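Work through the exercises below with the sequence and the model beside you, and try each task before reading its solution.

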Amino acid sequence: MNADTTASTRTVAEIAAASPETIGVAVARLTEGRLVSFPTETVYGLGADATNDRAVAKIFKAKQRPSFNPLICHFADIDSVHAMLEIPGPAQKLAARFWPGSLSIVVPRPTNCPISRLASAGLDTIAVRVPDHPVATELLRVAGIPVAAPSANRSGRLSPTRAKDVMASLGDQDVMVLDGGPCRIGVESTVVAIAPDGPVELMREGGISREALEVVLGTAIKKITTPDSVRSPGMLARHYEPQVPLRLDATDTRGGEILLCLGPLPSNAPPGSRSLSPTGDLTEAAANLFAALHDAETMAVAGIAVSPIPDQGLGRAINDRLRRGANG
Ligand code: TXA
Ligand code: MG
């Protein structure tokens, strides 16, 4: 028995407000090997049963994601992680402090691991995370399986922080979108791994700041900067490509651009401009970033000028996304 037989190119995404009933429907879909987009505190995910190869393959197909780029597996709680995987010593403190939360930890794949090898994209590791969002937690708890979920956007495009952004990107796919409102953090999880010689390394800046990790570890943390196709293939993939040109560290706006700024919006800013945080709060700015870029894509603007963002705390995650978007 397989729900695939009814799937066709005519099938379009369904959107439903998250409730105990619709979460039940979503769990049934996951169990049938179909896709569900769900809110997390960072961004919306495109989920499938992580133990089902065919279901995981559907994620790659729907997103047009390069098959070398592995997926994060989501668990309901830390005990379910421990039941399937071992967190290496140096990362245990981070898991204890930050889960549930916006931290993904790359751990070794145990032998006889039920998680699809496709989710690991052929690596001998798996990225895991326990999200901190009531809808995600309930979905994972009721499903009772790990759920592989990249951000719910076409590969290389902006991550979605609202259900309508998922629909705009994946609306022609056989996916159920659980609408749980806008995501609180707004940038993807921080990804860490354990270096072969022991220390925790930063693979991606994200919702938990580097400074917060360093406080818990009691040491400075090194960021992997050179793309390493063996350990961090995601750094090779195209990313965060807005459909309008981005110009960073802008101090003015030029023909047809709108302004995205931090702090009060200047009174002479072109219509459509906005402040990511009128009070200059980087956490608020991160939460508003992708929605602001998505909205700019839907307006006929010539470009987006972004005023300087301090490279500290969540500012690092914001700048990482913006730089990659500007280079795209
Ligand atoms: O906040 C998030 O992390 C969101 C929500 C849905 O949880 N998910 C997300 O997934 O951003 P995605 O696929 O867009 O980004 C996952 C990143 C990619 O850069 C991928 O290469 C990396 O994590 N990754 C996943 N598994 C890995 C592994 N085993 N080793 C190294 N990097 C891995
Ligand atoms: Mg992504």
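**Exercise 1: a serine in a strand**

The backbone nitrogen of D281 and a polar side-chain atom of S277 are 2.9 Å apart, a polar contact (a pair of N or O atoms within 3.5 Å; within protein, one must be able to donate a hydrogen and the other to accept it, and residues adjacent in sequence count only if both atoms are side-chain atoms). The model is predicted: local features need pLDDT of at least 70, side-chain atom pairs count only at pLDDT 80 or more, and totals for chains, interfaces and linings use all residues. Residues are numbered from 1 along each chain as its sequence is written, chains are lettered from A and ligands numbered from 1 in the order in which they are written, and side-chain values use heavy atoms, with hydrogens and water left out.

Task: State where S277 is placed, and decide whether S277 is buried or exposed.

Solution. Step one is to locate the residue: S277 belongs to strand 14, residues 274-277, where helices (H or I, at least four residues) and strands (E, at least two) are DSSP runs numbered from the N terminus. Step two is to apply the cut-offs: buried means under 20% relative accessible area, exposed over 50%, and partly exposed in between, with a 1.4 Å probe and protein chains only. S277 is therefore buried, because its relative accessible area is 0%. Step three is to list its surroundings: leaving aside neighbours within four places in sequence, S277 is in contact with C261, L262, G263, E284 and A285, contact meaning heavy atoms within 4.5 Å.

**Exercise 2: the surroundings of ligand 1**

Task: Describe which residues come nearest to ligand 1, and what classes of residue make up the shell around ligand 1.

Solution. Begin with the residues around the ligand, a residue being near a molecule if one of its heavy atoms lies within 4 Å of it. There are 25 of them, and T42, R65, N69, H74 and S189 come nearest. Next, sort the shell by class: 12 residues are nonpolar, eight are polar and five are charged. Here Ala, Val, Leu, Ile, Met, Phe, Trp, Tyr, Cys and Pro count as nonpolar, Asp, Glu, Lys and Arg as charged, and the others, Gly among them, as polar.

Then ask which elements contribute: strand 4 (72-74), strand 6 (125-129) and strand 10 (200-204) each supply at least two residues of this shell, and the largest share, four residues, comes from strand 6. Finally, look at individual atoms. A polar side-chain atom of N69 lies 2.5 Å from an oxygen atom of ligand 1, while a side-chain N or O atom of R129 is 3.0 Å from an oxygen atom of the ligand, and for a polar side-chain atom of S151 the distance to a ligand oxygen is 3.0 Å. Of the 680 Å² of accessible area that ligand 1 has on its own, the protein covers 97%, the areas coming from the Shrake-Rupley method with a 1.4 Å probe.

**Exercise 3: the nonpolar cores**

Task: Find which members of the largest nonpolar core touch the most other members, and follow C73 and W99 in detail.

Solution. In soluble globular proteins, nonpolar side chains tend to be buried together. A nonpolar core is a set of buried Ala, Val, Leu, Ile, Met, Phe, Trp, Tyr and Cys residues joined through side-chain atoms within 4.5 Å. The largest one has 46 residues, of which C73, W99, L103, I105, V128, V192 and L213 touch the most other members. Helix 2 (residues 53-63) gives the most to this core, with five residues. Apart from this core lies another, of 26 residues, including A285, I304, A317 and L322.

Now take C73, which sits in strand 4 and is buried, since its relative accessible area is 0%. Beyond its neighbours within four places in sequence, C73 is in contact with residues including A50, I115, I126 and V128. With the corresponding neighbours within four places left aside, W99 is in contact with residues among them I78, I105, V128 and R129. W99 is also joined to P100 by a cis peptide bond, with omega about -5°, and P100 lies in the loop between helix 4 (89-98) and strand 5 (103-108).

**Exercise 4: two positive phi angles**

Task: For Q64 and A121, state whether each is buried or exposed.

Solution. Q64, which is not a glycine, has a positive phi of about 55°, and its place is the loop between helix 2 and strand 4. Q64 counts as exposed, because its relative accessibility is 55%. A121, another residue other than glycine, has a positive phi near 50° and lies in the loop between strand 5 and strand 6. With a relative accessible area of 19%, A121 is buried.
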